Structures are given as structure tokens and as C-alpha cells.
Amino acid sequence: MTTISAKIENEDKSLFESIINSIGLNVTSAITAFVKATIRENGIPFALKAADDPYIYSEENMKYLRQGIAQIESGKGQVHELKEKL
């Protein structure tokens, strides 16, 4: 048995506890259920989306990406491979 510690906003913790308590769980059992589901699914057991992130999907960033794509398609840009560090 081990202990996991995480820092979260006080309001988030209160809302989380309220929700899980209303379905008959406590923080430990909810986190344990999440860990078990992650192991079973071999990944996060729900979709993670960045669509609501205003920075990632801002019009300014989309314009920058479109310009880069246009440069590459016209032969004026360069594509660099990312090499994974092990």
C-alpha cells in the first residue's frame, strides 16, 4: 500500500468530494477506481481534449499554422523530424 499526494484548488476538491460523496464514494475509493480503470484501459479512461483551450485553438495560432502549411506546400518551408529522446 502507498500514498499519493496531489495539490489541487480548494474549490475543486470541495466540488469533487461533494460529487463522489453523493454517489457513496470517498476520495480514496474514487482515486483507486480511476487508477484501476487506467490500468484496465492501458490509458486514461476518458477522452482528454484541448478544444476549449483558447491558446491552442486561438485564431492567431491557427493563422500561424496555416502560413506554415502554405510555405511547406509551396516548397518554401522545411519539415524537421522530431527525434524522441530515450
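## Asn42 and the loop after α2

Asn42 counts as exposed because its relative accessibility is 74%, and the cut-off for exposed is over 50%. This value, like the others in this report, comes from a predicted model. Asn42 belongs to the loop that connects α2 with α3 (59–73), and its position is just after α2.

The backbone of Asn42 also deserves attention. Its phi is positive, at about 55 degrees, although Asn42 is not a glycine. Most residues other than glycine have a negative phi.

## Overall architecture

The chain contains 3 helices and 0 strands. Read from the N terminus, the order of its elements is α-α-α.

Of the 86 residues in the chain, 6% are buried, where buried means under 20% relative accessible area. The exposed surface of the chain amounts to about 8600 Å². Carbon and sulfur atoms account for 56% of that surface.

## Helix α1 and its end

Helix α1 (10–22) is made of 13 residues. From its first C-alpha to its last, α1 reaches 18 Å, which is close to the 18 Å expected at 1.5 Å a residue. Just after α1 comes Gly24 with a positive phi of about 85 degrees.

Phe16 is a residue of helix α1. With a relative accessible area of 33%, Phe16 falls between the limits for buried and exposed and is therefore partly exposed. Asn26 is 10 residues from Phe16 along the chain, and the C-alpha atoms of the two residues are 9.5 Å apart.

## Helix α2 and its start

Helix α2 covers residues 27–41. Its 15 residues should span 21 Å at 1.5 Å a residue, and the end C-alpha atoms are 21 Å apart, so the expected span and the model agree. At the start of α2, Asn26 places a side-chain oxygen within 3.1 Å of the backbone nitrogen of Thr28.

Phe34 is located in helix α2. Its relative accessible area is 36%, so Phe34 is classed as partly exposed. The C-alpha atoms of Phe34 and Ile44 are separated by 8.5 Å, and these residues lie 10 residues apart along the chain.

## Helix α3 and its end

Helix α3 has 15 residues, for which a span of 21 Å is expected at 1.5 Å a residue. The distance between its end C-alpha atoms is 21 Å, which agrees with that expectation. Gly75 follows α3 and has a positive phi, near 85 degrees.

## The largest pocket

The largest pocket has a volume of about 580 Å³. It is lined by 17 residues, of which Ile4, Val27, Thr28, Ile31 and Thr32 are the closest to its centre. The elements that contribute two or more residues to this lining are α1 and α2.

Helix α2 gives the most to the lining of the largest pocket, with 7 residues. By class, the lining consists of 9 nonpolar, 5 polar and 3 charged residues. Thr28 thus appears in two settings: its backbone nitrogen lies within 3.1 Å of a side-chain oxygen of Asn26, and Thr28 is among the lining residues closest to the centre of the largest pocket.

Terms used:
Residues are numbered from 1 along each chain as its sequence is written. This is a predicted model: local features need pLDDT of at least 70, side-chain atom pairs count only at pLDDT 80 or more; totals for chains, interfaces and linings use all residues. Side-chain values use heavy atoms; hydrogens and water are left out. Helices (H or I, at least four residues) and strands (E, at least two) are DSSP runs, numbered from the N terminus. The expected span of a helix is 1.5 Å times one less than its number of residues. A polar contact is a pair of N or O atoms within 3.5 Å; within protein, one must be able to donate a hydrogen and the other to accept it, and residues adjacent in sequence count only if both atoms are side-chain atoms. Buried means under 20% relative accessible area, exposed over 50%, partly exposed in between (1.4 Å probe, protein chains only). Accessible areas come from the Shrake-Rupley method with a 1.4 Å probe; for residues, only the protein chains shown count as cover. On a 1 Å grid over the protein atoms alone, a cavity is a set of points where a 1.4 Å probe fits but cannot get out, and a pocket is an open set with protein on both sides within 12 Å along at least five of seven lines; lining residues have an atom within 4 Å of a point. Grid points are joined across faces, edges and corners, and a volume is the space filled by probe spheres set on the points. Ala, Val, Leu, Ile, Met, Phe, Trp, Tyr, Cys and Pro count as nonpolar, Asp, Glu, Lys and Arg as charged, and the others, Gly among them, as polar.
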